[in-house]
Amino acid sequence: MENQAPDAYESGMHSARVRFAKDPSLGTILAAEIDPAFLESFLIHFSALGVAMTEPVEDWIRRAGARCEEIGLNELGQALRKHASHEAGHHHLMVQDTRSLVSRWNSRRPFPLDADRILAQPLTPGVRMYRQLHEDVILGGSPFCQLAIEYEIEMLSVQFGPRFIEQCVSVLAPEIASSLTFLREHVALDVRHTRFNRQELEKILTSHPKFVNPLVETGRAALHTYAAFLKDCLVIARMQVKGMG
Ligand SMILES: [Fe+2]
Ligand SMILES: [Fe+2]
């Protein structure tokens with residue numbers, strides 16, 4: 001029965017994962033009949049707003065690791081601190097993708113966009129919620145819950161990343177793939193990161209079965225805030241495409 005606690009985490013997350021998979025935003029993004037300009041604008045804002053959700057990741061994991069050590073979870077703390085550097089600089093990919101998507105857009109569409117302005121736009125409610133969730137976890141009494149955020153979010157790259165890239169290629173054009181460096185790299189990288197997260201979750205839940213409740217609560221919040229981020233990107237994209245018409 002040594003897998004009981006990890007199983008309790010997986011079953012605790014089941015309904016939230018199903019809810020995410022059925023989220024209307026995800027359905028809109030992956031719909032075969034989506035308007036190409038709308039999808040392209042979504043991609044631009046996904047990349048630009050994603051910078052503020054990606055740049056702090058290395059620091060979040062490192063700080064969560066240090067806090068775990070503070071509360072006596074030395075093994076997990078050390079593993080997180082070691083793992084943190086694997087997230088260094090990934091936001092540069094999103095900045096680069098934003099710029100190349102905008103220049104592609106400007107070369108083909110009558111309504112020009114300004115990449116600097118898009119990158120400097122204020123953080124949306126979903127982005128702020130996502131960042132706040134990390135701060136609450138790191139500063140709170142259960143910093144090990146950082147693991148649940150990483151597990152759920154990095155699993156999204158593995159689970160939905162390939163379908164999303166395929167959607168962009170089929171609705172836009174095959175060469176769009178060269179502007180999706182963040183997504184393409186993460187589909188591959190996050191397979192390894194998800195394995196790391198799962199192993200660490202199994203270890204911590206085996207030694208501390210009672211951690212399952214805060215972990216599930218945080219995992220659910222991670223999916224909820226990520227869905228809010230996707231919705232924000234869709235709202236902005238819809239306004240932008242409407243403004244062109
Ligand atoms: Fe990353
Ligand atoms: Fe990762």
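1. The site of the iron ion (ligand 2) is irregular, with angles of 87 to 177 degrees among its four donor atoms. It counts as irregular because four tetrahedral donors would need all angles between 85 and 135 degrees, and square planar ones would need opposite donors over 155 degrees apart with all others between 65 and 115. Please keep in mind that this is a predicted model.

2. Which residues supply the protein donors of this iron ion (ligand 2)? They are Glu87 (OE), Glu154 (OE), Asp190 (OD) and His193 (ND1), at 1.9 to 2.3 Å from the ion. If you want to find them along the chain, the spacing to look for is E-x66-E-x35-D-x2-H.

3. A second metal belongs in the picture: the iron ion (ligand 1) lies 3.6 Å from the iron ion (ligand 2), and Glu87 coordinates both. Distant parts of the chain are linked here, with Glu87 in the loop between helix H5 (74-84) and helix H6 (91-108) and Asp190 in helix H10 (residues 181-207), 103 residues apart.

4. Are these two donors buried or exposed? Glu87 is buried, at a relative accessible area of 5%, and Asp190 is buried too, at 2%.

5. While you are looking at helix H10, have a look at Thr194, which lies in it. Thr194 is buried, with 5% relative accessibility. Leaving aside residues up to four places away in sequence, Thr194 touches Tyr151, Glu154, Met155 and Val158; of these, Glu154 is one of the donors of the iron ion (ligand 2).

6. On to the charged pairs: the structure holds 14 salt bridges. In one of them, Arg109 pairs with Glu40, the closest N and O atoms being 2.6 Å apart. The two come from distant parts of the chain, 69 residues apart: Arg109 is in the loop between H6 and helix H7 (115-119), and Glu40 is in helix H3 (residues 36-54). Arg109 is partly exposed at 22%, whereas Glu40 is buried at 0% relative accessibility.

7. Arg62 and Glu58 offer a local case, with a salt bridge of 3.2 Å, N to O. Both residues lie in helix H4 (residues 57-70), four residues apart, or about one turn of the helix. Arg62 is partly exposed at 34%, and Glu58 is partly exposed at 22%.

8. Glu75 and Lys203 also form a salt bridge, at 3.6 Å between the closest N and O atoms. This pair links helix H5, home of Glu75, to helix H10, home of Lys203, across 128 residues. Glu75 is exposed at 56%, while Lys203 is partly exposed at 41%. Elsewhere, salt bridges with shared partners join Glu40, Arg104, Arg108, Arg109 and Glu175 into one network.

Conventions
Residues numbered from 1 in each chain as written. Chains lettered and ligands numbered in written order. Predicted model: local features only at pLDDT ≥ 70, side-chain atom pairs only at ≥ 80, totals over all residues. Heavy atoms only, no water. Donors = N, O, S within 2.8 Å, 3.2 Å for Na, K, Ca; no water. Tetrahedral: all angles 85-135°; square planar, octahedral: opposite > 155°, others 65-115°. Buried < 20%, exposed > 50% of the residue type's maximum accessible area, 1.4 Å probe, protein only. Contact = heavy atoms within 4.5 Å. Salt bridge = Lys/Arg side-chain N within 4 Å of Asp/Glu carboxyl O.
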